[in-house]
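Open the structure in your viewer and keep the selection tool at hand. We will go from stop to stop, with something to pick at each one.

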Amino acid sequence: MSTNETKQVQDVEVFIGARNLKDQIGLIMPTYDLMLEHIETIRQAATKTKVKENCDDTEIELEYSREINNTIGVFGARGTGKSSAIHTVRAYLNDRVRRDLNVILPIIEPDNFGQNTKIMGSIIGLLEQKVNKLLNKIEKKTTREDKEEKLSEFFNNCVYRQNNPLRSKMNELIEYHLYTESEYRTLLTQNYADLATHIRKSSRMLIPDIEFKRKLHMLVNELIKTQKAFGSSKLDEEILIFIFIDDIDLKTIKTRELIESILQYANHPNIVTVLSGDYDIFAESLTTALLQDENLQQSNLRPGMRFRDGGLESLEGRELSQEEEERNPTILQRKWNLSHEYLKKLIPPARRHQLVNWNNNTIPLFSFGDLKFMTQLSQLMGDDSLFSYEVQFSEGKQSVERPIKSSYVIFDKKPRGLVNVYYHVHQINKLKASAEYQQLPTAEQQQKLFQSVKALIDTIIMSSTHLAAKQREFMDQIFRWGDQAQSTFIEYGKVQSDNRLPVLILGELIRSLLEDVRYSESEYQTMKQQVFEEMGKHKADVPISDQNINRYQGYYLYYVVLGITAHSKLQSGFLLLDELFSQNAQNEEDIYYTKQAFSPKAIEKERIVFMSIVHVMRQNKTLISDLFSKGYYEENMDVKRSLNFLQELSSTSSQFDFVEKLFHELISGEEQIVKLVEELKKVPLCSIDNEVYHTIIVNTLSKIMLTDSLKENFTSNKDYRALQKINQSKDGEKYSSKTVGQLLQRIYKKIKGYLATQLVNSEIDSLRLSPKFYRGYDAFMNEVRDGENTIYRRVRGVVGRITQYRHKDKLSIDDYKEIFSEVKKLSQNSYVWFGRVEATHFLATLKNEVSFDLDVLFTESSEYPYPHLIREISFYLQEANPAIQQDQQYQEAKRLMRKELEQALEAVKYGVSQELEQLGQSLEDIEPSGDEYDQEN
């Protein structure tokens, strides 16, 4: 841990409880900014509301043009951070800029009330505290000028008046509140001196609620007037009084009282009531209260009874259609619907703000101060943290921390659970960074760390709603804690299928902190394989048994990904799936192709998988070398498949990829061409033909696009004239895509038929070799660094025999297929040490530098101008598909991958040679011989 990180950990104060979330509020309340807008809208509306005061009889005439309801709701399940959201709003309203515009009462929590405490009474008590505090400030801090001008009503010759307007209205409010209480009403009627006094006291109790509401509004007006006079706020800005009532769902017996208090009394334009709670529980409480009001038992009725519209005939016990059920709801359903309507009036839906649970995207950002949860976890686990990684976009720039989201599934989705885990992680980081800990003997350090780690794991399990339900299995069967790390076991073999992922992550966390914890490596690897088999499926229904597949077949890409995730570091596996799923987030299909054919979607899916692997490779510098080692030492076929995929994709040029995407509709019919050839020859083609023909056709199309020799104009051909007219058309003369599409499909059909016919003709069985081909050829043939009888030497002999050692500038298709097959097998042979790199380079040459001989393919006798049409089609396709470009980022990734593959092979090769040297052996001694290769093939 760096000095800066240590200071950060030491400076952060972490506590368990509600707090001001600051900028994090948006993560659990996406509509927070809208809530603040609601408050400002209420403030503007209060400014426009007319309130006339008659000073002669101290009565107020309220001229509200509508019913006032300034209630705002903050809803969410238990532990989602409602109290913290309220603290955040209060902090916003009470900051230095807005303080004078807001009168903020302390938070009211009904669950703390006893039977004798009323919600309205507590609001009056809190108002009195605010009034007393304001009057105290006025008495002690008012300047002489203000005493004589703005606050003259509070002073008489600069002497503070105890009986001032604000105090008088506060006292009147308390008095009239007492009139609404039955105990005080009884007391007043029983104590009087004469009839006149009795009549006067009784008259106040005829309409106590109305009078109390009037007195409350008078006090609010006076309080706002006084606050404006004493404060520094502008005269045109309205002051609001905020009442916060938290956890309204906890005290169900207070539900009805709460609603009545808000609807009857708190409907002043300048009063804003903010309620928080679980909406469903609140609605249930109100429904229960409404049922209790009906006294059903006294009427011998039950909540489940139904009645006909307007009648009392019971439908209980009868089978009803859905329409009848909707027309004749039960008593309970009626009250439930009524409670929802009631709550619409109390808390308008437009002013309700629903909190959301934290998720794998937001949990990493949970923080105290500037110290994010993922940063704390990274400091805890070190460089191989499962929870984040560093990305450096360019040299000299500071790296950026990014989360590995898949790993956060072990944490609770509610702040109440997260804060407890954060607290323990912070305590461990603080412990390890402390000078006192570092000075302890190693044994004591390990024991202290062991105790802290156990407490952390227990907290993760107990704080998570999902994991807590299975705590006995975790604590008794899987994580068998001893009194120290050496006596602690992780039983990976006893994990149930639905617990594998959390156990894998928790186990890795334990093992990274406590190196001496014991476990079975084979059981761990088996469970790791099972976890990534399931995680990697994503949206796909992958048959695990179907593994012997080739490119463009079945779920080939799934097994490519699995070969890396299951056999690399756990961090790399999670990161690869994260990257893969995020790149495919907008795609409704699964991330793997399933058809046994080339297609644009297959190309794109391969690119996504390849780029995701490169992204992981940039973070894990030893990824490829680790895979090479596993492929060699363990002879792991899954890993070999993945490495072969990376080699194949990294060997094609940007021009090849560009043409492949541009002409995908034409190229995707190559299987039809092959089938036509099979029918004409009456002989089935070998399995490698599809790849060979695909490569040749793409390179031929590329050559046609790039050649300048097609000077002749075939204006006599109607298809050619049509394409020229389309390409030369202006913006105002665009032709419909359907018309152009029909023309292209007709031309494509002719091209495919022509190619199939020509391929049967032996005269076209000729491939042109470019100058670049022979540069690659020379490098492959002349790099002799092997023994006398190696596979490399044997393959060079085959290539030399076919090409007559550079005396040919053309090859037959059959000869090309043989060379292609031999070189490809050499490049992917994990038992071979000599010639694999050279074969990989030459294979790239074979893929990019061989095409049909255009002079032979398109003879002068051909009546249909195929190459000219293809060239015109390429012009149209580039214009119509500007998004199809040569992907330089993809090519750079390929270049980087080629380099890594070569270096990884050389690193493993060096390691093996060092081992052999110690035994008096060499690579030549274990290299398979050419004779053995001939026998196997």
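We begin with rings: 31 aromatic pairs are found in this structure, which is a predicted model. Select Phe532 and Phe574 for a starting example. Their ring centres are 5.4 Å apart and their planes meet at 50°, so this pair counts as tilted. Colour the two helices as well: Phe532 belongs to α22 (residues 521–535) and Phe574 to α24 (residues 570–583), so the pair ties together parts that are 42 residues apart in sequence. Are these two rings buried or exposed? Both Phe532 and Phe574 are buried.

Now select Tyr558 and Tyr559. This aromatic pair is edge-to-face, with 4.9 Å from centre to centre and 80° between the planes. Tyr558 has a relative accessible area of 1% and is buried; Tyr559, with a relative accessible area of 1%, is buried too.

For a group of rings, select Trp358, Phe366, Phe368, Phe373, Phe387, Tyr408, Phe411 and Tyr422. Ring pairs link these eight residues, Trp358, Phe366, Phe368, Phe373, Phe387, Tyr408, Phe411 and Tyr422, into a cluster.

**A strand with two partners to visit**

Move on to strand β7, residues 240–245, where 6 of 6 residues are buried. Show the side chains and look along the strand. Leu240, Phe242 and Phe244 point one way, while Ile241, Ile243 and Ile245 point the other way. In a regular strand, side chains alternate between the two faces of the sheet.

Add β4 (residues 102–104), which runs parallel to β7 and is joined to it by 3 bridges. Then add β8 (residues 271–277), also parallel to β7, with 5 bridges between them. Phe242 is a handy residue to centre on: Ile104 has Phe242 as its bridge partner in β7, and Phe242 has Val272 as its bridge partner in β8.

**An open sheet**

Next, pick out the three strands of an open sheet, ordered β14-β15-β16 with mixed pairing. Which strands stand at the edges? They are β14 (479–480) and β16 (518–519); each has a single partner strand, so one side of each is left without a neighbour in the sheet. β14 and β15 (residues 489–490) run antiparallel and are joined by 2 bridges. To find one of the matched positions, select Phe479 and its bridge partner in β15, Ile490.

While you are here, select Arg511 and Tyr519. Arg511 lies over the face of Tyr519, at 4.2 Å from the ring centre.

**Two helices to finish**

Select α37, residues 836–848. This helix has 13 residues and reaches 19 Å from its first C-alpha to its last, close to the 18 Å expected at 1.5 Å a residue. How many of its 13 residues are buried? The count is 11, and α37 is mostly covered. Among the buried residues are Val837, Phe842, Leu843 and Leu846, but also Arg836, Glu838 and Lys847.

Last comes α40, residues 888–918. At 1.5 Å a residue, its 31 residues should span 45 Å, and the end C-alpha atoms are 45 Å apart, which agrees. Zoom in on the N-terminal end to see Asp887 acting as a cap: one of its side-chain oxygens is 3.2 Å from the backbone nitrogen of Gln889. Then pick Tyr890 and Lys894. Lys894 lies over the face of Tyr890, at 4.5 Å from the ring centre. Finally, go just past the end of α40 to Gly920, which takes a positive phi of about 75°.

Technical notes. Residues numbered from 1 in each chain as written. Predicted model: local features only at pLDDT ≥ 70, side-chain atom pairs only at ≥ 80, totals over all residues. Heavy atoms only, no water. Helix = DSSP H or I, 4+ residues; strand = E, 2+ residues; numbered from the N terminus. Expected span 1.5 Å × (residues − 1). Polar contact = N/O pair within 3.5 Å; in protein donor to acceptor, adjacent residues only side chain to side chain. Pairing = 2+ DSSP bridges. Phe/Tyr/Trp six-rings, centres within 6.5 Å; stacked < 30°, edge-to-face > 60°. Buried < 20%, exposed > 50% of the residue type's maximum accessible area, 1.4 Å probe, protein only. Lys NZ or Arg CZ within 6 Å of the ring centre and 35° of its normal.
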